[in-house]
Amino acid sequence: MAVSNNITAVLNFIALLCSIPIIGSGLWLASKPDNACIHLFRWPVLILGFLILAVSLVGFVGAYWYKEALLALYLCCMALLILALLVLLVFAFVVTRPDGSYPVPQRGFDEYRLSGFSGWLRDHVTGSQNWGTIRACLQDTNFCAKLNSEYVSASDFFAAHISPLQSGCCKPPTACGYQYVNPTMWINPANPVADPDCSLWSSDQTQLCYNCNSCKAGLLGNLRQEWRRANIILIATVVVLICVYVIACSAFRNAQTEDLFRRYKTGWV
């Protein structure tokens, strides 16, 4: 192989390695109970990761055996995939930028207001047309039941750093003044009109606060946290992919020049 072909093959191998953290991020997001209940958010990163892996393999084969058609296909497809990944990152950053959390005095966890999150998330995740299915899915998970085995005393629970989803769905809003029995059982509200969710709370373990706006807000808070963490890895990966792509384009042009010069020297043109 020519030097430029060797460089292109190495670059494609690096691009192949870059697909691993993307796939890993996709698997991590898909494994979360909230993403498992929202199919719209579950698969895009994972699909992009596997597509980048497949295209990188095509580019590596094309560079190793210098198949111009495969290399051209690789460069075209990789440009589209990088663009799609950038669009996904920008979109995720924009819709997860608003933060609906607010601190609660003498509590280790925050609580969440639905109005504090982006309108797009509220409409597409917690809108009336979707919430019934999502709520039923959340009720089938055990993220609330885990609290009862992890925290026994009120002081331990109040100091805990529970997830936004647990904060919103597994207990009533603190403003209601319910008395603590265990993390998912609260009785005798001191201020039942402090929040509309106060009347929606139920100590029935199948109901809890799944009908509350605080549960919808907690779900969005969970999504925000998880996508913000995943975005750190995805941003670093896409920067590497862009650098690799730019160098690969240059190496491909150099390889074409070397091939043309070689043909000229041997009298083919």
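Helices are DSSP runs of H or I with at least four residues, strands are E runs of at least two, and both are numbered from the N terminus. The model is predicted: local features need pLDDT of at least 70, side-chain atom pairs count only at pLDDT 80 or more, and totals for chains, interfaces and linings use all residues. Residues are numbered from 1 along each chain as its sequence is written, and side-chain values use heavy atoms, without hydrogens and water.

**Exercise 1. Place phenylalanine 41 in the fold.**

Step 1. Find its element: phenylalanine 41 sits in helix H3, residues 39-42.

Step 2. Classify its exposure. Buried means under 20% relative accessible area, exposed over 50%, partly exposed in between (1.4 Å probe, protein chains only). Phenylalanine 41 is buried because its relative accessibility is 9%.

Step 3. List its partners. Contact means heavy atoms within 4.5 Å. Setting aside neighbours within four places in sequence, phenylalanine 41 touches Asn35, Trp120, Leu121, Val125 and Trp227.

Step 4. Check a distant residue. Proline 189 is 148 residues away from phenylalanine 41 in sequence, and their C-alpha atoms are 36 Å apart.

**Exercise 2. Describe the whole chain.**

Step 1. Count the elements: the chain has 11 helices and four strands.

Step 2. Take the dimensions. The C-alpha trace spans about 95 × 35 × 30 Å along its principal axes.

Step 3. Compare with a globule. The radius of gyration is taken over C-alpha atoms, and the globule rule is 2.2 Å times the number of residues to the power 0.38. A compact globule of 269 residues would come near 18 Å; the chain has 26 Å.

Step 4. Assess burial: 43% of the 269 residues are buried.
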